[in-house]
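Q: Please take a close look at one part of this model. I would like the central sheet, strand by strand, with whatever packs against it.

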Amino acid sequence: MLDVRFIAENADEIKAKLANRSGSYDVDKVCQLYSKRKELLVQTEQRKAMRNKVSDQIAVIKRNKGDATELIAQMKALGEEIKQIDAQLAEIEPMLKEAVLSIPNIPHESTPIGKDESCNVEIRRYGEPRKADFELKPHWEIGANLKILDAPTAAKITGTRFTVYRGLGARLERAILNFMLDTHAQNGYTEIMPPFMVNRDSMYGTGQLPKFEEDAFCVKNNGYFLVPTAEVPVTNMHRSEVLDAASLPLKYCAYTACFRAEAGSAGRDTRGLIRQHQFNKVELVKFTRPEESLNELEKLTMDAELILQKLGLAYRVVSLCTGDIGFSSGKTYDIEVWMPSYNRYVEISSCSDFFDYQARRMNIKFKGEQGLEFVHTLNGSGLAVGRTTAAILETYQNADGSVTVPEALIPYMRTEVIR
RNA sequence: GGAGAAAUACCCAAGUGGCUCAAGGGGCUCCCCUGCUAAGGGAGUAGACUGGAUAAAACUGGUGCGAGGGUUCAAAUCCCUCUUUCUCCGCCA
């Protein structure tokens, strides 16, 4: 979230910057509630100061066996006033919080301005899209033919948008995620295996709530949420902490299954591994000093790209425009892998710099030269495993229906061909 | 799931309604003493978050004893709910 005071004092500037985002946001509401709250706060605090002072006097009188009936009566009346004002405050506080939480991050000045994804800017490309002298099949057909991906069985045991991986398919998925974790660990990321369920506070911390509740799965028993991404548990590890400045930047990588309701995407990407209710992902998370965060975003993006390079998959990097970046993000690079069945680049990683937006929301600070400051948080997929599997099957497919295992994965697969 | 105990500052810990706007240790920081080290002596160690005031400060208010409510003129202290930890029982990969 943004600083309430900052919003109140820079309302016009903020409105102008948010106008480049998609959606509309009620900055005025924040300002109104803020000034109302401030007014009430001054009133109640003056009365509390009085009460504290007189209560001390009463204590002295009582100790000297004097009569304080009159003062106690006065304080009783004052207490009623305080209670009334506090009740009004208790009504306004959650409204103000809600209003502030519903304001998204301000796009960074280097984020291209534009209304939707057509205004995203391509930064660089790597590799060549796969070409072949036979007709390339989509991964769901390759997977079904090799009996390594089984959507009908998943539909039977669970429902649509789930997949059963079988045999070398299951091993391929596991090989990819192990390869990703090992590679990131070599680049200085500490491996984390977090809970796959989180509480409500964590969902607020990273911004999935309150606005996007319908996208998440909630467990009926205890109100926990299935993680939509490892970003949620991993970033929240340091919620309400003061980090050791010398330890920054903190770098974590984590594998989790990710669970998404995919509300509003009915009919899109219904075949294959591209859009599932449950998918595997390795996530990269960083906590940095403010002045280093943009540079760390570049490095994080390259760390994610390294996976695709080692796997020999063609991709491009795109800088998302103001209309397309996520709610909490100030700047985002998407990495898009070449997917032959789509005949275009498909998102496989989203690397974002949240600046101090999440840190303020989660109260994560470090002790800097100027005293306590909010850290900057960043994260990016490194990478979505299911989509990587899909890209490998399609890119490395052979005319006979078999799939060559990319060299980097052979130690993990213990075979050179899936047939 | 059941029963009991606990949660106070960096750590340990005292404190059952008003001279506690939290005692005392330890540790840490600085200073004194000393040729150096040890020992000894002194000072500091509740910050954090919010307000008011100011050109900016100095100054000043509120909240803070696991979290949130309540009782009271007044709560670390009494009551309720929740969380976490420990002990025992049950269940269990």
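A: What follows is a walk through the sheet, then its surroundings. The model is predicted.

Start with the overall layout. Chain A splits into domain 1 (4-101) and domain 2 (117-418). Their centres, taken over C-alpha atoms, lie 43 Å apart.

Now the sheet. Eight strands make up an open sheet. Their order is β1-β10-β11-β12-β15-β9-β8-β4, with mixed pairing. At the edges sit β1 (121-126) and β4 (190-192), each paired on one side only. From one strand to the next, the twist averages 25°.

Look closely at β12. This strand covers residues 344-353 and runs antiparallel to β11, residues 331-339. Nine bridges join the two. M339 has R344 of β12 as its bridge partner. Further along, D334 is bridged to S350 in β12. The two strands form a hairpin, with four residues between them. In that turn, N343 takes a positive phi of about 55°.

On its other side in the strand order, β12 meets β15. Here the pairing is again antiparallel, over three bridges. One bridge partner pair is D353 with L378, the latter in β15. How enclosed is β12? Seven of its ten residues are buried, so the rest of the structure largely encloses this strand.

Two helices pack on the sheet. Helix α7 (residues 168-186) touches β4, β8 (250-259), β9 (278-288) and β15 (376-384). The direction of α7 makes about 5° with that of β9. Helix α10 (residues 293-311) touches β1, β9, β10 (315-319), β11, β12 and β15. For α10, the angle is about 10°, taken with the direction of β15.

Another helix deserves a glance. Helix α12 spans residues 385-395. Eleven of its eleven residues are buried, so α12 is largely enclosed by the rest of the structure. Charged side chains do not escape this: R387 and E394 are among the buried residues.

Finally, the RNA. Strand B is surrounded by 19 residues. A49, N52, A59, M75 and K76 are the closest. Three elements give two or more residues to this surface: α3 (27-63), α4 (69-101) and β14 (371-374). Helix α3 supplies the largest share, twelve residues. By type, the surface near the RNA holds eight nonpolar, four polar and seven charged residues.

Notes. Residues are numbered from 1 along each chain as its sequence is written. Chains are lettered from A and ligands numbered from 1 in the order in which they are written. This is a predicted model: local features need pLDDT of at least 70, side-chain atom pairs count only at pLDDT 80 or more; totals for chains, interfaces and linings use all residues. A residue is near a molecule or strand if its C-beta atom, placed from the backbone, lies within 6 Å of it. Ala, Val, Leu, Ile, Met, Phe, Trp, Tyr, Cys and Pro count as nonpolar, Asp, Glu, Lys and Arg as charged, and the others, Gly among them, as polar. Domain bounds come from an automatic or database domain assignment. A residue is buried if 20 or more other C-beta atoms lie within 10 Å of its own, exposed if 12 or fewer, and partly exposed in between; C-beta atoms are placed from the backbone. Two strands pair if DSSP finds at least two bridges between them. Axes are lines fitted to C-alpha atoms, for helices over the stretch in contact, and angles run from 0 to 180 degrees between N-to-C directions. Two residues are in contact if their C-beta atoms, placed from the backbone, lie within 7 Å.
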